[in-house]
Amino acid sequence: WSKYFSNFLRPCEFDCCAGCKGYAMTPFLSPLAHEAAIVHFNGNLKPFQGGRRVGKPLSPPADIEALSDDEKKRREKVPLCSCGPQCVQECAAIWWDNMPDGP
């Protein structure tokens, strides 16, 4: 785990599992995705549900607590994957980068 990844996380506030509110950290972040030979997307992490994504590194929010409630809620649902020791991108981008072009 890189401390850099912690800049993207905050305690779950909106779409939490039972008993996880204020305890579990969100969004889901896969810290070793950049080293993986296979990345499996499970359940609500299925990338085709959110539409095509472009693989580009994300910057951590300047002040994650200052984000609007709508933005915090949206961020809780977007799983993140490492793209290096100090690099994070949407996991869906990895999947879409390996899919043929199409609708």
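Which residues does Glu76 touch, not counting residues up to four places away in sequence? I looked this up before anything else.

**Entry 1. Basis**

I worked from a predicted model, in which local features need pLDDT of at least 70 and side-chain atom pairs count only at pLDDT 80 or more, while totals for chains, interfaces and linings use all residues. Residues are numbered from 1 along each chain as its sequence is written, and side-chain values use heavy atoms, with hydrogens and water left out. I noted an average pLDDT (the predictor's confidence in each residue, from 0 to 100) of 85 for the protein, with 90% of the residues scoring at least 70. Among the elements, helix α1 (residues 3-6) has the highest mean pLDDT, 93, and helix α3 (residues 91-97) the lowest, 82. Helices here are DSSP runs of H or I with at least four residues, strands are runs of E with at least two, and both are numbered from the N terminus.

**Entry 2. Glu76**

I found Glu76 in helix α2 (residues 69-76). Its contacts (heavy atoms within 4.5 Å) are Arg10, Pro11, Cys12, Glu13, Phe14, Asp15, Thr26 and Pro27, not counting residues up to four places away in sequence. The side chain of Glu76 also reaches the backbone nitrogen of Glu13 at 2.8 Å. I recorded Glu76 as buried because its relative accessibility is 10%; buried means under 20% relative accessible area, exposed over 50%, and partly exposed in between, with a 1.4 Å probe and protein chains only.

**Entry 3. Strands**

I next examined strand β4 (residues 80-84), where four of the five residues are buried. Strand β3 (residues 29-30) pairs with β4 in the parallel sense over two bridges; pairing requires that DSSP finds at least two bridges between the strands. On the β3 side, Leu29 stands opposite Leu80. Strand β5 (residues 87-90) pairs with β4 in the antiparallel sense over four bridges, and in β5 the bridge partner of Leu80 is Glu90. A hairpin of two residues joins β4 to β5.

**Entry 4. Aromatic rings**

I searched the whole structure for aromatic pairs and obtained three. The rule takes rings of Phe, Tyr and Trp (its six-membered ring) with centres within 6.5 Å; planes under 30 degrees apart count as stacked, over 60 as edge-to-face and the rest as tilted. The rings of Trp1 and Phe5 form an edge-to-face pair because their planes stand at 75 degrees, with centres 5.4 Å apart. Tyr4 and Phe5 are also edge-to-face, since their ring planes stand at 65 degrees, with centres 6.5 Å apart. Trp1 is exposed at a relative accessible area of 59%, whereas Phe5 is buried at 2%. Ring pairs link Trp1, Tyr4, Phe5 and Phe8 into a cluster.

**Entry 5. Nonpolar cores**

Which residues make up the largest nonpolar core? I listed eight: Tyr4, Phe5, Phe8, Leu9, Leu29, Val78, Leu80 and Val88. A core is a set of buried Ala, Val, Leu, Ile, Met, Phe, Trp, Tyr and Cys residues joined through side-chain atoms within 4.5 Å. Leu29 touches Trp1, Phe5, Phe8, Leu9, Leu80 and Val88, not counting residues up to four places away in sequence. Apart from the largest core lies another of five residues, among them Ala33, Cys81, Cys91 and Ile94.

**Entry 6. Lys46**

I placed Lys46 in the loop between β3 and α2. Lys46 counts as partly exposed, at 31% relative accessibility. The C-alpha atoms of Lys46 and Phe8 are separated by 20 Å, the two residues being 38 apart along the chain.

Methods:
A polar contact is a pair of N or O atoms within 3.5 Å; within protein, one must be able to donate a hydrogen and the other to accept it, and residues adjacent in sequence count only if both atoms are side-chain atoms.
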